[in-house]
Amino acid sequence: MNYIKERSKGKGVLLFSPHDSDKDQGQHTITCCHCNHVFIIQPGSGKERGWCFMCGASTCGDRRCSPALNGCAPFEKKLEAYERRTALPLEGAWDIAKGGIWVRTMREVKLRA
Amino acid sequence: MAGARYPANGDQNLTTTRITALSVTDNATTAHRGWVYDMYFGNEGTPADLAGTYLVERCTAPGTATAVTPGKVDEQDRAAQAVAGENHTVEPTYTANEIMLEVPVNHRGTYRWIAPPGGELVIPATTTDGFGGNSLHASATTLFRIGMAWIE
């Protein structure tokens, strides 16, 4: 399989060069659109991943990233909240990215100030 | 993605506790975003047929390390604003539960991760924030090496 070519379809590549073979092996990876974590695709592993119809991209399967449980919280929004220092640490930016739990988060910020 | 590209790599001896070979972070004064799009992992010397796990984690401070000067893919670009360090004596301040990439490796192999366009690991525009790559092993003490390439 041409792993590099597959990159154009939104998949990353984890290439493995064994010491006892001249053939590279590869696995596809996907970057979660909600938390930026990279996970390796393992067909048959039984691990449940997700899909966000708002982002049009895969999620890692973590409950925090589940569009069904927590709605769409794009990583970009999470990052912006963190950079504005309205959420500490980066995990706290989830509340802001989701929208609707501002009060709790802002109270935390005041407590930290 | 437009921007200047920079590579850096670092090494460290494996120990029984998790120890960092390379950190790439924003510098302490100028906040800017960075996008890590390529990483590689491997061992140096004559590693035994052992396995370990390499982690790439978010950090909020780079710890204490030997400075690495990032290279420039295009010599016409300015020097990198991000700072890189290797052979850490004080670990970076890692953020809990922010393991961005976990790669189980055989020490005799070389692994390389390449991000898809738009799927890069993002360094927030916050001073001293970034990523660190680390590993550990119960018995091996060989040098392991991690390299990262990023856009800023």
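Visitor: Leaving aside neighbours within four places in sequence, which residues is B:F131 in contact with?

Guide: In this predicted model, the partners of B:F131 come from several stretches of chain B. They are B:S23 and B:V24, then B:V36, then the run B:V56, B:E57, B:R58 and B:C59, and finally B:M100, B:L121 and B:I123.

Visitor: Which residues have the most contacts inside the largest nonpolar core?

Guide: B:F131 is one of them, and two of its partners, B:V24 and B:V36, are listed as well. The others are B:M39, B:F41, B:M148 and B:W150, in a core of 52 residues. Domain 1 (1-72) and domain 2 (73-113) of chain A both contribute residues, so the core lies between those two domains.

Visitor: B:L22 is next on my list. Is B:L22 buried or exposed, and why?

Guide: The count of surrounding C-beta atoms decides this. B:L22 is buried because 29 other C-beta atoms lie within 10 Å, where 20 or more are required. The residue sits in strand 2 of chain B, residues 19-25.

Visitor: What does B:L22 touch beyond its sequence neighbours?

Guide: With those within four places left aside, its contacts are B:A8, B:N9, B:G10, B:A84, B:E86, B:G133, B:I146 and B:M148. One of these, B:M148, is also named among the core residues with the most contacts. As for separation, B:D38 is 16 residues from B:L22 in sequence and 14 Å away in space, C-alpha to C-alpha.

Visitor: How many helices and strands does chain B have?

Guide: Chain B has eleven strands and zero helices. For contacts between residues at least 6 apart in sequence, 87% link residues at least 24 apart.

Visitor: How does the radius of gyration of chain B stand against that of a compact globule?

Guide: The rule depends on chain length. For 152 residues it gives a value near 15 Å, and chain B agrees because its own value is 15 Å. Along the principal axes, the C-alpha atoms fill a box of roughly 40 × 25 × 25 Å. Of the 152 residues, 47% count as buried.

Visitor: How many residues does each chain give to the contact between chain B and chain A?

Guide: Chain B gives 23 residues and chain A gives 22. On the chain B side, strand 7 (93-106), strand 8 (110-114) and strand 9 (121-123) each supply two or more. Strand 7 gives the most, with six residues. By class, this side has 13 nonpolar, six polar and four charged residues.

Visitor: What confidence scores go with this?

Guide: Where pLDDT is low, predicted coordinates should not be read in detail. Chain B has a mean pLDDT of 93, with 99% of its residues at 70 or more. The model scores ipTM 0.87 and pTM 0.86.

Key:
Residues are numbered from 1 along each chain as its sequence is written. Chains are lettered from A and ligands numbered from 1 in the order in which they are written. This is a predicted model: local features need pLDDT of at least 70, side-chain atom pairs count only at pLDDT 80 or more; totals for chains, interfaces and linings use all residues. Helices (H or I, at least four residues) and strands (E, at least two) are DSSP runs, numbered from the N terminus. A residue is buried if 20 or more other C-beta atoms lie within 10 Å of its own, exposed if 12 or fewer, and partly exposed in between; C-beta atoms are placed from the backbone. Two residues are in contact if their C-beta atoms, placed from the backbone, lie within 7 Å. pLDDT is the predictor's confidence in each residue, from 0 to 100. The radius of gyration is taken over C-alpha atoms; the globule rule is 2.2 Å times the number of residues to the power 0.38. A nonpolar core is a set of buried Ala, Val, Leu, Ile, Met, Phe, Trp, Tyr and Cys residues joined through C-beta atoms within 7 Å. Domain bounds come from an automatic or database domain assignment. Ala, Val, Leu, Ile, Met, Phe, Trp, Tyr, Cys and Pro count as nonpolar, Asp, Glu, Lys and Arg as charged, and the others, Gly among them, as polar.
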